[in-house]
Amino acid sequence: MDPAIAEAVERQTAAMRELSRRAFPEPDVVVPEDAPAPIEQARAERRRQADVSHVAAVRRARAERAAREARTVAAVTPQRAPLRTSA
């Protein structure tokens with residue numbers, strides 16, 4: 001192999017690595033291996049919000065049923081935390 005060609009290939013490879021490093025920098029943040037991925041964090045938050053909404057709905061349904069059984073008007077208590085809407 002021609003030494004000039006080998007040298008040109010080395011220069012081109014080094015230039016491509018530098019461009020790749022600039023285009024896709026390594027993150028400076030060190031994340032522990034056991035930390036959940038961002039998508040898992042988002043899913044866990046949505047599950048938590050759904051659970052909160054479900055518990056509020058069950059409580060309201062129980063209060064309405066108790067009011068119907070007692071033949072009184074259900075007193076709607078204000079919610080402690082506003083429920084979020086879903087897309």
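This report covers the helices, surface and salt bridges of one chain in a predicted model.

**Fold and surface**

Two helices and zero strands make up the regular secondary structure of the chain. Helix 1 covers residues 3-23, and helix 2 covers residues 38-69. Helix 2 has 32 residues, which at 1.5 Å a residue should span 46 Å. The C-alpha atoms at its ends are 47 Å apart, in agreement with that expectation. After helix 2 comes R71, which has a positive phi near 55°.

The chain has 87 residues, and 1% of them count as buried. Its accessible surface is about 8600 Å². Carbon and sulfur atoms account for 57% of that area.

**Nonpolar patch**

M1, I5 and V9 together make a nonpolar patch of about 350 Å² on the surface. M1 belongs to the segment that precedes helix 1. M1 counts as exposed because its relative accessible area is 85%, and the cut-off for that class is over 50%.

**Salt bridges**

Side chains of opposite charge can pair when their charged atoms come close. The structure holds six salt bridges, including the three listed here.

| Pair | Closest N to O distance |
|---|---|
| E7 and R11 | 3.1 Å |
| E18 and R21 | 2.5 Å |
| R60 and E64 | 3.5 Å |

E7 and R11 are both in helix 1, with a spacing of four residues, or about one turn of the helix. R11 has a relative accessibility of 51% and therefore counts as exposed.

E18 and R21 also lie in helix 1. They are three residues apart, so about one helical turn separates them. E18 has a relative accessible area of 28% and is partly exposed; this class lies between the limits of under 20% for buried and over 50% for exposed.

In helix 2, R60 and E64 are four residues apart, so the separation is again about one helical turn. E64, at 32% relative accessible area, is partly exposed. Elsewhere, E18, R21 and R22 are joined into one network by salt bridges that share partners.

Technical notes
Residues numbered from 1 in each chain as written. Predicted model: local features only at pLDDT ≥ 70, side-chain atom pairs only at ≥ 80, totals over all residues. Heavy atoms only, no water. Patch = residues over 30% accessible without salt bridge, like charges linked within 9 Å, V, L, I, M, F, W, Y side chains within 5 Å. Areas by Shrake-Rupley, 256 points an atom, 1.4 Å probe, with all protein chains shown as cover. Salt bridge = Lys/Arg side-chain N within 4 Å of Asp/Glu carboxyl O. Buried < 20%, exposed > 50% of the residue type's maximum accessible area, 1.4 Å probe, protein only. Expected span 1.5 Å × (residues − 1).
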